[in-house]
Amino acid sequence: MAEIKRKGARSAKDIPATILEQLNRGRIETVNLTEWLAVDQRILLENLLEEKGRTSYLAPVLETIEQLKKQTVNTINEAIGKGLYRVASQAGDSHFLEEIATHPSDLVRCWTTYYIASDKNHSVEEVLELIKPFAADNHFGVREISWLSVRKLISADISESIKILSEWTKSNDENVRRFASEATRPRGVWCEHIDALKQQPELGLPILEALRSDKAKYVQDSVGNWLNDASKSQPKFVMELCERWRKESPCRQTDYIIKKALRTIENKTK
């Protein structure tokens, strides 16, 4: 989108009032983390529901937010997405999802990922296929929330999830390839760990092997971080894998991944 080229403010107090109003109305995307954190999701929600003619959804979702033990940008984001799914489902509103899935606001698209992940009628494969457009989204925030929204689903069926996501490593879109790695990180960021991968990181090899010399730094960073996660519980696995990769894939892309992968191990030996 054209708006993504706009330069964002470095602090919340420096965001122009006109920009903040447009963000809260869902007219434009945020362009950096400062703006992303500054959006009032309650106001944005109210404006969205008024725009879509579904103001009756507002009170129940706001009540869900108020019941949160800890209110952060991420917990509110999740509560709104799940809350919207619940009220829309109760109303038999089958069209709401398609109305918000391509919304101009990145925060609304973030809510949509949790909305999708809330539908227990879909299989893991079906949910991931519905999430794929958000994994490929042009906005950094949507891409992060997309994997966070399905993290528990992936963890609950790790074998099937890895089987599906290993196919994503063949995508021409680096964002989709990165999702396959980031969503399955053993420890991850801002999320629960996946114990199966902490103890048996070799389960992730179908994804890791396919990405070991990926041309995109965005993907390389994720793979390196994946292995660094694994090194904290299974250092021998990571050291042996990196040694093998050095021999089988002698290129700067793999070297970069290995350097990131071994940083915790190397720091311990200093």
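In the predicted model, the second largest pocket is lined by Leu-33, Trp-36, Leu-37, Val-73, Asn-74, Phe-140, Gly-141, Glu-144, Ile-145 and Trp-190. Its volume is about 200 Å³. Two or more lining residues of the second largest pocket are supplied by each of α2 (33–38), α5 and α9, and α9 provides the largest share, with four residues. By class, the lining of the second largest pocket comprises seven nonpolar residues, two polar residues and one charged residue.

The largest pocket has a volume of about 580 Å³. Its lining consists of 24 residues, of which Glu-78, Lys-82, Tyr-114, Leu-148 and Lys-152 are the closest to the centre of the pocket. The elements that contribute at least two residues to the lining of the largest pocket are α5 (73–90), α7 and α9. Here too, helix α9 accounts for the largest share, in this case six residues. The lining of the largest pocket contains ten nonpolar, six polar and eight charged residues.

Helix α9 also takes part in an enclosed space. A search of the whole structure yielded one cavity of 30 Å³ or more, and the volume of the largest cavity is about 30 Å³. The residues lining this cavity are Ala-135, Arg-143, Ser-146, Trp-147, Asn-175, Arg-178 and Phe-179. Both α9 (140–156) and α11 (174–182) supply at least two residues of the cavity lining. The cavity lining is divided into three nonpolar, two polar and two charged residues.

Phe-179, one of the residues that line the cavity, is also among the residues with the most contacts inside the largest nonpolar core. This core has 74 residues, and the others with the most contacts inside it are Leu-84, Phe-96, Leu-128, Trp-168, Leu-227 and Val-238. The element that gives the most to the core is helix α7 (residues 106–117), with eight residues. When residues up to four places away in sequence are not counted, Phe-179 touches Leu-128, Ile-131, Ala-135, Ser-146, Trp-147, Val-150, Leu-165 and Trp-168. Of these partners, Leu-128 and Trp-168 are likewise listed among the core residues with the most contacts, while Ala-135, Ser-146 and Trp-147 belong to the cavity lining.

Ser-149 is located in helix α9. Its relative accessibility is 10%, and Ser-149 is therefore classed as buried. Apart from residues up to four places away in sequence, Ser-149 touches Thr-113, Tyr-114, Ala-117 and Ile-131. One of these partners, Tyr-114, is listed among the residues closest to the centre of the largest pocket. Another, Ile-131, is also touched by Phe-179.

A further buried polar residue was examined in helix α14 (residues 217–231), where Asn-228 is placed. Asn-228 counts as buried because its relative accessibility is 3%, which is under the 20% cut-off for burial. The side chain of Asn-228 forms a polar contact of 2.7 Å with the side chain of Thr-264. Leaving aside neighbours within four places in sequence, the contacts of Asn-228 are with Lys-260, Ala-261, Arg-263 and Thr-264.

How values were computed: Residues are numbered from 1 along each chain as its sequence is written. This is a predicted model: local features need pLDDT of at least 70, side-chain atom pairs count only at pLDDT 80 or more; totals for chains, interfaces and linings use all residues. Side-chain values use heavy atoms; hydrogens and water are left out. Buried means under 20% relative accessible area, exposed over 50%, partly exposed in between (1.4 Å probe, protein chains only). A polar contact is a pair of N or O atoms within 3.5 Å; within protein, one must be able to donate a hydrogen and the other to accept it, and residues adjacent in sequence count only if both atoms are side-chain atoms. Contact means heavy atoms within 4.5 Å. A nonpolar core is a set of buried Ala, Val, Leu, Ile, Met, Phe, Trp, Tyr and Cys residues joined through side-chain atoms within 4.5 Å. On a 1 Å grid over the protein atoms alone, a cavity is a set of points where a 1.4 Å probe fits but cannot get out, and a pocket is an open set with protein on both sides within 12 Å along at least five of seven lines; lining residues have an atom within 4 Å of a point. Grid points are joined across faces, edges and corners, and a volume is the space filled by probe spheres set on the points. Ala, Val, Leu, Ile, Met, Phe, Trp, Tyr, Cys and Pro count as nonpolar, Asp, Glu, Lys and Arg as charged, and the others, Gly among them, as polar.
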